[in-house]
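Here are some short exercises to help you find your way around a new structure. Try each task yourself, then read the solution one step at a time.

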Amino acid sequence: MKAISCLSPLTGQATDQLFEIETPRPVLNARDVLVKISSISVNPVDTKVRNGAIPTHSRGILGWDAVGEIIEVGSAVDKFSLGDRVWYAGDLTREGSNAEFQAVDERIISLVPKSLSNEEAAALPLTALTAWEMLFDRFGITQQSSGSILIIGGGGGVGSIAIQLLKARTHMTVIATASREETQAWVTSLGADHVINHRLPLAEQLTQLGLAQPNYVFSTNATETYLQQIAELIAPQGKFGLIDDPESLDILPLKRKSISTHWELMFTRAMFETEDMAQQGEILRQLATLVEEGKVQTTLDTVLGHISAENLTQAHQLIESGRAKGKIVLSGFDG
């Protein structure tokens, strides 16, 4: 099969480039399905693995968002059938979706919402799982929760879906940060009640808007830059969560207010085959329902064409530039 790898075909060593390779189809475990890839999206984790910040796996095939058709099932698969159209975010410890075919455990997949195209659907799994797990698993927010939440990086992939999930499943006041006029309009259209500029003092802007200290702060990027401000503006006994990878993080300023700190990595359940691993498939099933009900929309922004080393390189560059709004998607292989 065709695939895109970050390992040099000449040396087999990880590089900062992407290469097209020919490689055998994956061999299925008992609970795996084999998916013929239709569309993929690109996330910051792809760039981190490519540049060596996260160790790669045997063939260096990246990609952790996919939509495709099941063409083979493992011996113990009982939830899906041949021909099913599914979506998922995969497992960081296995070969990714930048390939014609991918093996994935049935516990972390779900049927795709029928109302979405392959490209529209591919934009959602990883960011939706990340946002859902932080909001409803780590923070413990429920439909009865009240108060407010501040999302730092509201225009990014995770922030843009977190806003929608909160508006669809809670009555909380959602405050999001965005600096450019374009992204401010974007997060407002997604349902944010208030938008503030993360390039300006955050607490001062909240005060100017007459807003109370938020009970929750969800930081999606540059957390070390904002930690002192977060300690100042968050409500006593609030909850703080992050998903990025700061080189160091001194959370001592949060002690005075008894702030709990929560990390979220959506790969944890699959990587460690936790007892609740199948919860990821259930989250995607519930997400599909919200999409079909019109309560959550795709965060697709750009389709860059077919899956190739050239187009994936362009996608990685857009992610690393920090200018991406919503998600970047590619569809199928050429020829």
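A residue is called buried when its relative accessible area is under 20%, exposed when it is over 50%, and partly exposed in between. Keep in mind that this is a predicted model.

**Exercise 1. Work out how many residues of helix 4 are buried, and check the length of the helix.**

Solution.
- Begin with the burial count: ten of the 13 residues in helix 4 are buried, so the helix is mostly covered.
- Next, name them: the buried residues are Gly157, Val158, Gly159, Ser160, Ile161, Ala162, Ile163, Gln164, Leu165 and Leu166.
- Now turn to length. Helix 4 covers residues 157-169, and at 1.5 Å a residue its 13 residues should span 18 Å.
- Finally, compare: the end C-alpha atoms are 19 Å apart, which agrees with the expected span.

**Exercise 2. Find how many aromatic pairs there are, and describe the one between Trp64 and Phe267.**

Solution.
- A pair of aromatic rings is described by the distance of the centres and the angle of the planes.
- The count comes to four aromatic pairs.
- For Trp64 and Phe267, the ring centres are 6.3 Å apart and the planes meet at 75°. Planes over 60 degrees apart count as edge-to-face, so this pair is edge-to-face.
- Then place the partners: Trp64 is in the loop between helix 1 (44-50) and strand 4 (66-73), while Phe267 is in the loop between strand 13 and helix 8 (268-271). The pair therefore ties together parts that are 203 residues apart in sequence.
- Last, check burial: Trp64 has 1% relative accessibility and counts as buried, and Phe267, at 2%, counts as buried too.

**Exercise 3. Classify the pair formed by Phe139 and Tyr216, and say where its two residues lie.**

Solution.
- The centres of these rings are 5.2 Å apart and the planes are at 40°, so the pair is tilted.
- Phe139 belongs to the loop between helix 3 (125-138) and strand 8 (148-152), and Tyr216 to strand 11, so the pair links parts that are 77 residues apart in sequence.
- Phe139 is buried at 0% relative accessibility, and Tyr216 is buried at 12%.
- Add one more ring to the picture: Phe139, Tyr216 and Phe218 form one aromatic cluster.

**Exercise 4. Describe the settings of Ser258 and Ala222, starting from their phi angles.**

Solution.
- Phi of Ser258 is near 55°, a positive value in a residue other than glycine. Phi of Ala222 is also positive, near 50°.
- Ser258 sits in the loop between strand 12 (239-242) and strand 13 (260-263). Ala222 is found in the loop between strand 11 (216-219) and helix 7 (223-233).
- Ser258 counts as exposed, because its relative accessibility is 53%. Ala222, at 31%, counts as partly exposed.
- Leaving aside residues up to four places away in sequence, Ser258 touches Gln237 and Gly238.

**Exercise 5. Count the cavities of 30 Å³ or more, and say what lines the largest cavity.**

Solution.
- The count comes to one cavity of 30 Å³ or more.
- About 50 Å³ of space lies in the largest cavity.
- Its lining includes Gly90, Arg94, Ile108 and Met277.
- Strand 6 (residues 101-105) gives the largest share of the lining, four residues.
- By type, the lining divides into five nonpolar, two polar and four charged residues.

Definitions and conventions. Residues numbered from 1 in each chain as written. Predicted model: local features only at pLDDT ≥ 70, side-chain atom pairs only at ≥ 80, totals over all residues. Heavy atoms only, no water. 1 Å grid on protein atoms, 1.4 Å probe; cavity = no way out; pocket = protein on both sides within 12 Å on 5 of 7 lines; lining within 4 Å. Points joined across faces, edges and corners; volume = space filled by probe spheres on them. Nonpolar A, V, L, I, M, F, W, Y, C, P; charged D, E, K, R; others polar. Buried < 20%, exposed > 50% of the residue type's maximum accessible area, 1.4 Å probe, protein only. Contact = heavy atoms within 4.5 Å. Expected span 1.5 Å × (residues − 1). Phe/Tyr/Trp six-rings, centres within 6.5 Å; stacked < 30°, edge-to-face > 60°.
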